[in-house]
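Thank you all for making the time this morning. I would like to walk you through one structure, beginning with a single residue and working outward from there, so please have a look at the display before I start.

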Amino acid sequence: MRVLRKFLTVLPLGTEKEDNMEKKPYYITTAIAYASGKPHIGNTYEIVLADAIARYKRFQGFDVRFQTGTDEHGQKIEEKAAAAGKTPKQFVDETAGEIKTIWDLMNTSYDKFIRTTDEYHEKQVQKMFKYMHDKGDIYKSEYEGWYCTPCESFWTDSQLVDGKCPDCGRTVEKAKEEAYFFKMSKYADRLMQYIEEHPEFIQPVSRKNEMVNNFLKPGLQDLCVSRTSFTWGIPVAEDPKHVVYVWLDALTNYITGLGYDLDGNHDELFEKYWPADLHLIGKDIIRFHTLYWPIFLMSLDLPLPKQVFGHPWLLQAGGKMSKSKGNVIYADDLVDLFGVDAVRFFVVHEMPFENDGVISWELMVERYNAMLANILGNLVKRTISMTNKYFGGVVTNAGAAEEVDEDLKNTILNAVKTTSEKMDQLRVADALTAVFEIFRRSNKYIDETEPWVLAKDEAKSARLQTVMYNLTEAITIGASLLESFMPETAESILKQVNTGKRSLEEMDRFGLYPSGNKVVADPETLFERKNLEDVMKVVKEIEAKQKAALQESQGEAVKENAAADAEDGMPEGLDENGDAYPDTKISDPEIKPTIEYDDFDKVQLRIGKVLHAEEVKKSKKLLRLTVQVGSEKRTILSGIKKFYAPEDLVGKHVMIVANLAPRVIAGEESQGMIVAAEDDDGNIALMAPMTKMPAGSQIC
């Protein structure tokens, strides 16, 4: 029997048998990277995010299988290989190698790097195509419509947006050819039922609503699954003038990479790890993973993945990345300047759960200095240096506790709990923020206890020992949690405090660091502060080299256009004007009465820079912001606590209503209003300038 007995019933989420947590399998995948060129930092973000999740799952005791790889077929690659004077296989061998090098550079712990040109994968795809055809799910017809080469997607007249591709906003071309089609409508009702019965299947919820309301409810159209206009693909075995279309080829990597065999001779990896626990993908390909992929699996009589998470994009501040502009940001350039772990920290920390994140060299320097050099690096070095200075490096718990110690301990234990909760919710940036709350609170503890003052009084030696012990214990717990995000840094910290990584089970209590242990005599500086001017000098050199390399490779200066940017490093989510691609989801709030220009002219909108942000303790919604507006500093209260952590706002430029009369909120005066957008689901996004503007600039 071809279908495994254990797969005959698809259990609802949360009903699977609870095995020993140390042995329970967890299968996570990234989307496979398209092998058309070197991945920029927006592409690299996904593998780092997946790695943080995979490492934390191992930390929780799961038996993790982590798969990534490259998607290597299609018309774009055939065209790029021809332009480079290479065969498609030569071209993808080089680009796949470059992608894998970047993934390895970022210290990602994947178990399998699959290539869709792998012989085993290609044979299984041919078998699956034939099986679906013989089952009646695939039929031959003719397609005539609009084709988007960058997206490799066909569209009807009604699906186009302003005559362009609804996914990426680029130009489409009229195409007509013989093709095989998959009967999507055959499984649409079954998929809708599955989504309704498994509310965690598509995350975030906004992505689920988009798929249901914009695609499933209006009715799924049959999907083109073969092409004849190019040859670089997996041939259809029974009709070799056709090659298997990209999505049927690429999506099936998630099972072929585990050794799935349509004839039933599966590898034990497939039996152990399928269905996948998490497909981690960009929000631009959520449709393919939550509509087409589940339907393909239904056709194959296989269970569906437990969860698909469509993460947001990491965008370039101030406009698009473009090779012809020479401003593409690559991971290896970032690593050369800041180090691997600093780049890992940044791309995870700067990505909200649903909203797009922003990257720039300036913001990277700001975060590096403020959070890595100051909050983390300074804490570790100060603590070890003081321990050596006062006690010859010996850490002793003298038991001389005071009330402030309890607050430190409670903050740390709560941070441990919050980190796990946020990771389970895939709110990885929030989890990293919780880890840094340990380091932030520890720095505050130093200011509260003033070890240098205690050291002047011999009678307070026991208290000083206790303070240094508490700091060392806090650092140990924080470093143990940090390993999932910044593995090399965590290892270095633990070596310096001379202890091993604490297990998650051991972190429900404070005080396990061995009293009498000795820290290293000469602590290293984890993160040397960066000078922005020095960094930008290097950046100019990098951008100049990028432009020169491009001109040399093409023999002349390249005219910038949307087609070039589609494959030459533009971050996902920007069109040819550097704007966000049109989203299929829209919002239609109630329209207010028309006003005259003179009414609008009374409102003064200005740019403000957030200097400080903190929670308003008596409020569940409010943050208190100190905002630089020109030469003055203002206190503004804003109900954005649910959507933004205070530390994430520091340094950001925001739009404010500058001439709004002061108002008392929660017993405090607010001297202005932060401008934000709100969607139909109640999500908030602050308005910010596309390019850096001086604080106080007027918006007109």
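Let me begin with E72, which counts as buried because its relative accessibility is 0%, and the cut-off for that label is under 20%. I should say at once that this is a predicted model, so please hear everything that follows as a description of that prediction. E72 sits in the loop between strand 3, residues 63-71, and helix 2, residues 75-83. Its carboxylate-bearing side chain makes a polar contact with the side chain of T70, at 2.6 Å. Once neighbours within four places in sequence are left aside, the residues in contact with E72 are A35, I77, V92, A96, R115, T116, T117 and W232.

Stepping back to the chain as a whole, we have 700 residues, of which 55% are buried. The secondary structure comes to 22 helices and 27 strands. If we take the contacts between residues at least 6 apart in sequence, 77% of them join residues at least 24 apart. The accessible surface comes to about 31,000 Å², and carbon and sulfur atoms account for 48% of that area.

Now to the nonpolar interior. Which residues touch the most other members of the largest nonpolar core? They are I53, F338, F436, L482 and F485, within a core of 109 residues. Helix 13, residues 361-391, contributes the largest share of this core, with 15 residues. There is also a second, separate core, made up of 67 residues, and W247, L248, F270 and Y292 are among them. To return to L482, and not counting residues up to four places away in sequence, this leucine touches L376, L432, V435, F436, F439, P487, T489, A490 and I493.

A polar residue that I would like to describe alongside these is N443, which lies in helix 15, residues 428-449. Is N443 buried or exposed? It counts as buried, because its relative accessibility is 13%. Beyond residues up to four places away in sequence, N443 touches N374, I375, L379 and R382. With I375 there is a specific polar approach, in that a polar atom of the N443 side chain lies 2.8 Å from the backbone oxygen of I375. The C-alpha atoms of N443 and L376 are separated by 8.8 Å, although the two residues are 67 apart along the chain.

Let me turn to the charged pairs. How many salt bridges does a search of the whole structure find? The search finds 40, and I will go through three of them. In one, R344 pairs with D51, and the closest N and O atoms are 2.7 Å apart. This pair links distant parts of the chain, with R344 in helix 12, residues 340-349, and D51 in helix 1, residues 41-59, at a separation of 293 residues. Both R344 and D51 are buried.

Another salt bridge brings together the side chains of D405 and R463, again with an N to O distance of 2.7 Å. Here D405 belongs to helix 14, residues 403-424, and R463 to helix 17, residues 461-482, so that distant parts of the chain, 58 residues apart, are linked. D405 and R463 are both buried.

The remaining example lies between strands, where the side chains of E614 and R624 meet in a salt bridge at 2.7 Å, N to O. Because E614 lies in strand 18, residues 605-615, and R624 in strand 19, residues 623-629, this pair ties together parts that are 10 residues apart in sequence. E614 counts as partly exposed, given its relative accessibility of 32%, whereas R624, at 18%, counts as buried. Salt bridges that share partners also join D51, R55, R344, E483 and K501 into one network, and you will recognise D51 and R344 as the pair from helix 1 and helix 12.

I will finish with one of the sheets. Four strands form an open sheet in the order 6-5-7-9, with antiparallel pairing. Which strands stand at its edges? They are strand 6, residues 153-155, and strand 9, residues 223-224; each has a single partner strand, so one side of each is left without a neighbour in the sheet. The antiparallel pairing of strand 6 with strand 5, residues 138-148, consists of 3 bridges. In this pairing, Y147 stands opposite F154 of strand 6.

Methods:
Residues are numbered from 1 along each chain as its sequence is written. This is a predicted model: local features need pLDDT of at least 70, side-chain atom pairs count only at pLDDT 80 or more; totals for chains, interfaces and linings use all residues. Side-chain values use heavy atoms; hydrogens and water are left out. A nonpolar core is a set of buried Ala, Val, Leu, Ile, Met, Phe, Trp, Tyr and Cys residues joined through side-chain atoms within 4.5 Å. Buried means under 20% relative accessible area, exposed over 50%, partly exposed in between (1.4 Å probe, protein chains only). Helices (H or I, at least four residues) and strands (E, at least two) are DSSP runs, numbered from the N terminus. Contact means heavy atoms within 4.5 Å. A polar contact is a pair of N or O atoms within 3.5 Å; within protein, one must be able to donate a hydrogen and the other to accept it, and residues adjacent in sequence count only if both atoms are side-chain atoms. Accessible areas come from the Shrake-Rupley method with a 1.4 Å probe; for residues, only the protein chains shown count as cover. A salt bridge is a side-chain nitrogen of Lys or Arg within 4 Å of a carboxyl oxygen of Asp or Glu. Two strands pair if DSSP finds at least two bridges between them.
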